Amino acid sequence: MGWLAPEMLWALIGLPVPLFVYVWAWRQRKKTVIPFSSLRLLKAAQQPGQAWRVHLPAFLLWLMFALGLIALARPTAEITLPSDYRKLVIAMDVSRSMLARDVEPSRIEAAQTAVRAFIGKLPNDVRAGLVTFAGTAQVVQGITDDREALLAAVDRFELQRATATGSGLLFSISLLRPDLAIDLEQAIYAPSAVPWPNPSSPGSDRSAAIVLLSDGRRTTGPDPIEIAQRAADLGIRVHTVAFGTDQGVIPGYEGYSFFVKVDQETLKAVAKITGGQYFYAASAEELVSAYQALQGKLTLEKKQTEVAFGMLAAMLLLGLI
């Protein structure tokens, strides 16, 4: 538990005062002689368990006073809330580095398996779309609640040369926010010249999110850090997954072998800028676990929430009692 106004907790020093006043007043009360027609009435009033009822209203009043003082400090608690996500775009790196077999059977096959499982477990109220990026980016499946269409789109992935991570982010933003009518060509070649809405807080848009998986460095297209800032200005969270090991190699392609190292730092920065979550997976099993963790991020959210209203409600209830 936390406090938004912890200095008000000093007011709790005054809690014993009403108790002392009540005890003093009870002892100083006047003794009154009342005639009774029968001793049975006195015996009934003096039965065990009856005396505490006399003090119950005073105790409830004191408890109201205590709750009121605590509420002044504006207590907060970490509460698990249902997420408001309704639209999700999965952005997949389909550059040729995904042919590397440092992850069995290959990076691309392991990624497809994990994404299929992820799509299959999406909540019913989440609509999703698919974007792929290599030398450029493209929408392979628009936003839909048709899970079969999404799974079929995963099977249509085609590997290409180069890695345009920033373009993948741009296409994902455009897919989530068609109302912006983003000029994608201008945004790719001159992102700073494209007009954007007034900035909002990162992660403030609770109706949309992007999950981006990549296994390499950007080799073309706009800077993903710059595009991530655009997403943050729109309040869109970008959860990133870095996939692969430092020993990734594409053997025998056109007579050459290429080392393909995942760019963890950029993906960490993208997630941090947008208020998203970063994951690293060096195996097929770890990738599945990362997507399972993302599943939880999309359906549940833990947030520090002020709970003073609950104490005020308890005060009203005690007052009624």
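This text walks through a cavity and a pocket in the structure. The model is predicted.

Start with the closed space. The structure holds one cavity of 30 Å³ or more. About 30 Å³ of space lies inside this largest cavity. Which residues line the largest cavity? Look for Val 94, then the run Thr 132, Phe 133 and Ala 134. Next come Thr 136, Ala 137 and Gln 138, and Gln 160 completes the lining.

Now match that lining to the strands. β4 spans 127-133, and β5 spans 137-144. Each of these two elements supplies at least two residues of the lining. The chemistry of the cavity wall is mixed. Four of its residues are nonpolar and four are polar. No charged residue takes part in the lining of the largest cavity.

Move on to the open space. The second largest pocket holds about 180 Å³. Its lining includes Pro 18, Leu 19, Tyr 22 and Val 23. His 55, Ala 58 and Phe 59 also line the second largest pocket, as do Leu 61, Trp 62 and Phe 65.

Where does this lining come from? Two elements give two or more residues to it: α1 (16-28) and α3 (51-72). Which element gives the largest share of the lining of the second largest pocket? That is α3, with six residues.

Finally, check the chemistry of the second largest pocket. Nine of its lining residues are nonpolar, and one is polar. Charged residues are absent from this lining. The cavity wall, by comparison, divides into four nonpolar and four polar residues, again with no charged ones.

Terms used: Residues numbered from 1 in each chain as written. Predicted model: local features only at pLDDT ≥ 70, side-chain atom pairs only at ≥ 80, totals over all residues. Heavy atoms only, no water. 1 Å grid on protein atoms, 1.4 Å probe; cavity = no way out; pocket = protein on both sides within 12 Å on 5 of 7 lines; lining within 4 Å. Points joined across faces, edges and corners; volume = space filled by probe spheres on them. Helix = DSSP H or I, 4+ residues; strand = E, 2+ residues; numbered from the N terminus. Nonpolar A, V, L, I, M, F, W, Y, C, P; charged D, E, K, R; others polar.
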